[in-house]
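Welcome! Here are some exercises to work through with the structure open beside you. Try each task before reading its solution.

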Amino acid sequence: MIGRIAEAVAWAWLAWHAGASATPAWAHAFPERSQPRVGSTIDQPPPEVRIWFDGRLEPLFSTITVVDQQAHRVGGEQGGVDADDATQLATPLPPLPPGVYRVRWDVIAVDGHRTEGNFTFTIRGP
């Protein structure tokens, strides 16, 4: 329960931070949840990173990348808006070694408003 509350607080902070520098509007697309969760420590490398947003995203202008501790991009494939659900942003990942990874996202809602943000997750070592 405490983990879910911490995640909700983290997403609220990210949404506020992303919106603080944007033009005020009601239609910005803000993240609701992610897999792996914001700030989580996991035992196994995830096959992908996925973020669910509260609104539809413009596929041509929405991106997601994952970088390692040295800020090198991991994964060879370009991530983007899910073809079956325009509220999801995802990127596939190769098998990753233990460490801290940063997810960076930059999206344009279908109405043209932009938001961006980032979060980390950690893969626990042996």
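Before starting, note that arginine 114 is partly exposed, with a relative accessible area of 42%. Keep in mind too that this is a predicted model.

**Exercise 1. Find the charged partner of arginine 114, then look at another salt bridge, formed by arginine 124.**

Step 1. Begin with the side chain of arginine 114, which meets that of aspartate 106 in a salt bridge of 2.7 Å, N to O.

Step 2. Put this pair in context: five salt bridges turn up when the whole structure is searched.

Step 3. Turn to arginine 124, whose salt bridge is with aspartate 43, and the closest N and O atoms are 2.6 Å apart. Arginine 124 sits in the segment after S8, while aspartate 43 belongs to the loop between strand S2 (41-42) and S3, so this pair ties together parts that are 81 residues apart in sequence.

Step 4. Check the surroundings of arginine 124. Its relative accessibility is 45%; because buried means under 20% and exposed over 50%, arginine 124 counts as partly exposed.

As background, side chains of opposite charge can pair when their charged atoms come close.

**Exercise 2. Work out the strand order of the open sheet of four strands, and say which strands stand at its edges.**

Step 1. Read across the sheet: the order is S1-S3-S6-S5, and the pairing is antiparallel.

Step 2. Look for strands with a single partner. These are S1 (31-35) and S5 (80-82), which stand at the edges, so each has one side without a neighbour in the sheet.

Step 3. Add the twist, which averages 30° from one strand to the next.

Step 4. Follow the pairing of S1 with S3, which is antiparallel and has four bridges. Here glutamine 35 stands opposite arginine 50 in S3.

Step 5. Move on to S3 (residues 48-53) and S6 (residues 85-92), two antiparallel strands joined by five bridges. Isoleucine 51 has leucine 89 in S6 as its bridge partner, and tryptophan 52 has glutamine 88.

Step 6. Ask how covered S3 is: five of its six residues are buried, and the strand is mostly covered.

**Exercise 3. Trace the polar and charged links around arginine 50, and decide whether arginine 50 is buried or exposed.**

Step 1. Start with its accessibility. Arginine 50 has a relative accessibility of 13%, so it counts as buried.

Step 2. Find its salt bridge with glutamate 48, where the closest N and O atoms are 3.1 Å apart. Glutamate 48 is partly exposed, at a relative accessible area of 30%.

Step 3. Extend the picture to the network of salt bridges that links Glu48, Arg50 and Asp82.

Step 4. Now take glutamine 88, in strand S6. Its side chain is joined to that of arginine 50 by a polar contact of 2.6 Å, and it also makes a polar contact of 2.8 Å with the side chain of aspartate 85. Glutamine 88 counts as buried, at 11% relative accessibility.

Step 5. List what else surrounds glutamine 88. Leaving aside neighbours within four places in sequence, its contacts include Trp52, Leu57, Val81 and Asp82.

Step 6. Return to aspartate 85, whose side chain also has a polar contact of 2.6 Å with the side chain of threonine 87. Threonine 87 is found in strand S6, and beyond its neighbours within four places in sequence, its contacts include Ile51, Phe53 and Arg56.

**Exercise 4. Describe the largest nonpolar core and find which strand gives it the largest share.**

Step 1. Count its members: the core has 22 residues, and those with the most contacts inside it are Val49, Phe53, Val66, Leu89, Val103 and Phe121.

Step 2. See where the residues come from. S3, S4 (63-67), S7 and S8 (114-123) each supply at least two, and the largest share, four residues, comes from S7.

Step 3. Zoom in on valine 66. Leaving aside neighbours within four places in sequence, its contacts include Val49, Thr91, Val103 and Phe121.

Step 4. Finish with tryptophan 105, which lies in S7 (residues 99-108). It counts as buried, at 2% relative accessibility. Tryptophan 105 and isoleucine 64 are 41 residues apart in sequence, while their C-alpha atoms are 4.4 Å apart in space.

As background, nonpolar side chains tend to be buried together in soluble globular proteins.

Conventions
Residues numbered from 1 in each chain as written. Predicted model: local features only at pLDDT ≥ 70, side-chain atom pairs only at ≥ 80, totals over all residues. Heavy atoms only, no water. Pairing = 2+ DSSP bridges. Axes fitted to C-alpha atoms, helices over the stretch in contact; angles between N-to-C directions. Polar contact = N/O pair within 3.5 Å; in protein donor to acceptor, adjacent residues only side chain to side chain. Contact = heavy atoms within 4.5 Å. Buried < 20%, exposed > 50% of the residue type's maximum accessible area, 1.4 Å probe, protein only. Core = buried A, V, L, I, M, F, W, Y, C linked by side-chain atoms within 4.5 Å. Salt bridge = Lys/Arg side-chain N within 4 Å of Asp/Glu carboxyl O.
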